[in-house]
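Reader: I should like to learn how to read a protein structure feature by feature. May we work through an example together?

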Amino acid sequence: VHLLLKDLTLCIHYNCIVGKSSTSPKPAIFMDCGIHAREWISPAFCQWFVNEAVTTYGSDSAMTTLLNSMDVYVLPVFNIDGYVYTHTSDRMWRKTRSRNSGSSCIGTDPNRNFDAGWCTIGASSNPCSETFCGSTAESEIESKNVANFIRDNKSTIKAYLTVHSYSQLLLFPYSYTFDLAADHSELLTVAKGASAALTSLHGTRYTSGPGAATIYPAAGGSDDWAYDLGIKYSYTFELRDTGYYGFLLPESQIQPTCEETMLAVNYIAAHVLKNL
Ligand code: 0X9
Ligand code: ZN
Ligand code: ZN
């Protein structure tokens with residue numbers, strides 16, 4: 001299915017490129033959702049983002065400015081096999097659904113499978129673990145394909161956003177080390193601004209900081225990998241809530257969560273655009 005939405009969005013099998021078509025090459029933001037299967041609010045947000053872009057382009061000045069000068073690559077369900085499995089068999093499944101040789105345990109944690117300090121900390125080499133790093137970096141077709149796409153478009157991709165849940169955090173590199181990123185102060189300032197924008201809508205409180213110190217040290221994540229590839233604006237969102245419902249966020253919170261998260265994403269996008 002190749003879907004053209006208002007001459008602004010090209011979607012192929014749900015994966016969309018959002019942006020006003022242009023003759024000159026445009027800088028881009030890459031955003032993925034659904035790396036972890038059970039984090040259902042994440043794919044909901046990517047879908048919300050595409051709908052907002054298509055319906056507010058031309059009326060909302062910030063969205064119009066953004067999409068006139070940038071493209072947004074949206075991968076709404078990174079871990080599609082795992083996501084399907086959470087609907088059919090196990091609501092709390094996290095990993096991919098690939099076979100592991102020599103083990104009856106299934107799946108790799110896709111956010112431990114990227115080539116960034118791979119499997120050195122906060123990851124397991126046991127295929128039965130929820131944080132199994134895989135047999136090699138990029139062993140999973142999902143992480144390999146995303147890494148290849150980002151490598152191929154490295155010169156145009158200016159920001160990498162990856163959406164998870166839950167904990168209400170806005171994280172940036174590094175998670176594989178406690179060392180601060182070279183761009184730490186700018187990344188922190190932008191994260192604080194984005195969090196303040198998010199909070200302004202419904203009062204939802206976010207914490208921002210480097211992954212290792214803010215959530216836990218964990219190697220092989222997509223955010224650290226993208227940053228080390230040279231994509232400076234690399235952020236991991238951990239959406240609502242802080243644990244009351246956790247992954248089982250009720251339907252009534254989808255709309256407010258997506259609305260507030262839009263403000264943070266738009267804040268980051270505006271900063272990226274201003275600093276091209
Ligand atoms: O552990 C993760 O992959 C993320 N948290 S989650 O609860 N959604 O599983 C946090 C990722 C932070 N970034 C890296 N560890 N690179
Ligand atoms: Zn097709
Ligand atoms: Zn996650």
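Author: The dialogue below takes up a metal site, a bound ligand, some places along the chain and a few backbone angles. This is a predicted model, in which local features need pLDDT of at least 70 and side-chain atom pairs count only at pLDDT 80 or more, while totals for chains, interfaces and linings use all residues. Residues are numbered from 1 along each chain as its sequence is written, chains are lettered from A and ligands numbered from 1 in the order in which they are written, and side-chain values use heavy atoms, with hydrogens and water left out.

Reader: How does one read a metal site, and which residues coordinate the zinc ion (ligand 3)?

Author: In general, donors are N, O and S atoms within 2.8 Å of the metal (3.2 Å for Na, K and Ca); water is not among the atoms, so sites may look incomplete. Here the zinc ion (ligand 3) is coordinated by ND1 of H36, by OE of E39, listed twice, and by ND1 of H164, at 2.0 to 2.3 Å. Along the chain, these donors follow the spacing H-x2-E-x124-H.

Reader: Where do H36 and H164 lie?

Author: Such places are named by helices (H or I, at least four residues) and strands (E, at least two), which are DSSP runs numbered from the N terminus. H36 lies in the loop between β4 (28–33) and α1 (41–56), and H164 belongs to strand β6 (residues 157–165), so the pair ties together parts that are 128 residues apart in sequence. E39 is also placed in the loop between β4 and α1.

Reader: Are H36 and H164 buried or exposed?

Author: Buried means under 20% relative accessible area, exposed over 50%, and partly exposed in between (1.4 Å probe, protein chains only). H36 counts as buried because its relative accessibility is 4%, and H164 counts as buried because its value is 1%. E39 is buried as well, with a relative accessible area of 3%.

Reader: How should I read the surroundings of a ligand, and which residues are closest to ligand 1?

Author: A residue is near a molecule or strand if one of its heavy atoms lies within 4 Å of it. For ligand 1, 15 residues surround the molecule, and the closest are R94, N111, Y216, D223 and E238.

Reader: Which side chains have polar atoms close to the N or O atoms of ligand 1?

Author: A polar contact is a pair of N or O atoms within 3.5 Å; within protein, one must be able to donate a hydrogen and the other to accept it, and residues adjacent in sequence count only if both atoms are side-chain atoms. An N or O atom in the side chain of E39 is 2.9 Å from a nitrogen atom of ligand 1. For N111, a side-chain N or O atom is 2.8 Å from an oxygen atom of ligand 1. S175 has a polar side-chain atom 3.3 Å from a nitrogen atom of the ligand. Taken alone, ligand 1 exposes 410 Å², and the protein buries 96% of that; such accessible areas come from the Shrake-Rupley method with a 1.4 Å probe, and for residues only the protein chains shown count as cover.

Reader: How is a position along the chain compared with a position in space, and where is K154?

Author: One sets the separation along the chain beside the distance between C-alpha atoms. K154 is placed in the loop between α4 (141–152) and β6, and counts as partly exposed at 42% relative accessibility. K154 and G230 are 76 residues apart along the chain, and their C-alpha atoms are separated by 7.9 Å. E39 and N100 are 61 residues apart along the chain, with 23 Å between their C-alpha atoms.

Reader: Lastly, which peptide bonds are cis?

Author: Here one reads the omega angle. The peptide bond from S165 to Y166 is cis, with omega near -5°, and Y166 is in the loop between β6 and β7 (169–172). Another cis peptide bond joins P173 and Y174, with omega about 5°; Y174 is in the loop between β7 and α5 (184–202).

Reader: What is the phi angle of C119?

Author: Phi of C119 is near 60°, a positive value in a residue other than glycine. C119 lies in the loop between α3 (80–88) and α4, and is partly exposed at 22% relative accessibility.
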